[in-house]
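Work through the exercises below with the sequence and the coordinates open. Each task is followed by a solution in steps.

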Amino acid sequence: MKTITQRELAARSKAVLDEVEAGEIYRITRNGTEIAEVRPISARRRFVPVAELQRKWRTAPRVDAAQMRREADEFFGTEDRVDEADDPWGRA
């Protein structure tokens, strides 16, 4: 655990937060008195196992593309819509 002043935190906030993200804990002082502790959020994960993603995708609801297009057209209108013929990423 490291201790820094409020002024140091203000001057080096990006570097300090990068270290916090990597697991470091900082205690912040003002006028020599500790006023705060900055620590990483323990619930945040950087890696999700493939098996977990596959399990979630298997149980995700199916997307009805035609229904989604109808709802989008109803909400946004069709005046500025790019058609499949105009789509530069469309399949030829």
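## Exercises on a predicted model

Val48 sits in the loop between strand S3 (33-38) and helix H3 (50-59). The model used throughout is predicted.

**Exercise 1.** Classify Val48 as buried, partly exposed or exposed, and state which nonpolar patch holds Val48.

*Solution.* Step 1: the relative accessible area of Val48 is 33%. Step 2: partly exposed covers the range between under 20% (buried) and over 50% (exposed), so Val48 is partly exposed. Step 3: Val48 joins Leu53 and Trp57 in a nonpolar surface patch, with about 300 Å² of accessible area together.

**Exercise 2.** Give the strand order of the sheet and state which strands stand at the edges.

*Solution.* Step 1: the sheet is open, has three strands in the order S1-S2-S3, and its pairing is mixed. Step 2: S1 (2-5) and S3 each have a single partner strand, so they stand at the edges, and one side of each lacks a neighbour in the sheet. Step 3: from one strand to the next, the twist averages 30°. Step 4: S1 pairs with S2 (residues 26-30) in the parallel sense, over four bridges. Ile4 is opposite Ile28 in S2. Step 5: helix H2 (residues 13-21) packs on the sheet and touches S1, S2 and S3. The direction of H2 makes about 145° with that of S2.

**Exercise 3.** Is Thr29 buried or exposed, and which residues does Thr29 touch when those up to four places away in sequence are not counted?

*Solution.* Step 1: Thr29 belongs to strand S2. Step 2: its relative accessible area is 12%; the cut-off for buried is under 20%, so Thr29 is buried. Step 3: with residues up to four places away in sequence left out, Thr29 touches Thr3, Ile4, Thr5, Gln6, Glu34 and Ile35.

**Exercise 4.** Find which residues are linked with Arg27 in a network of salt bridges.

*Solution.* Step 1: Arg27 forms a salt bridge with Glu34, with the closest N and O atoms 3.1 Å apart. Step 2: Arg39 forms a salt bridge with Glu37, and here the closest N and O atoms are 2.4 Å apart. Step 3: Arg27, Glu34, Glu37 and Arg39 are linked in a network of salt bridges. Step 4: for accessibility, Arg27 is partly exposed at 27%, Glu34 partly exposed at 44%, Glu37 partly exposed at 33% and Arg39 partly exposed at 45%.

Methods:
Residues numbered from 1 in each chain as written. Predicted model: local features only at pLDDT ≥ 70, side-chain atom pairs only at ≥ 80, totals over all residues. Heavy atoms only, no water. Patch = residues over 30% accessible without salt bridge, like charges linked within 9 Å, V, L, I, M, F, W, Y side chains within 5 Å. Areas by Shrake-Rupley, 256 points an atom, 1.4 Å probe, with all protein chains shown as cover. Salt bridge = Lys/Arg side-chain N within 4 Å of Asp/Glu carboxyl O. Helix = DSSP H or I, 4+ residues; strand = E, 2+ residues; numbered from the N terminus. Buried < 20%, exposed > 50% of the residue type's maximum accessible area, 1.4 Å probe, protein only. Pairing = 2+ DSSP bridges. Axes fitted to C-alpha atoms, helices over the stretch in contact; angles between N-to-C directions. Contact = heavy atoms within 4.5 Å.
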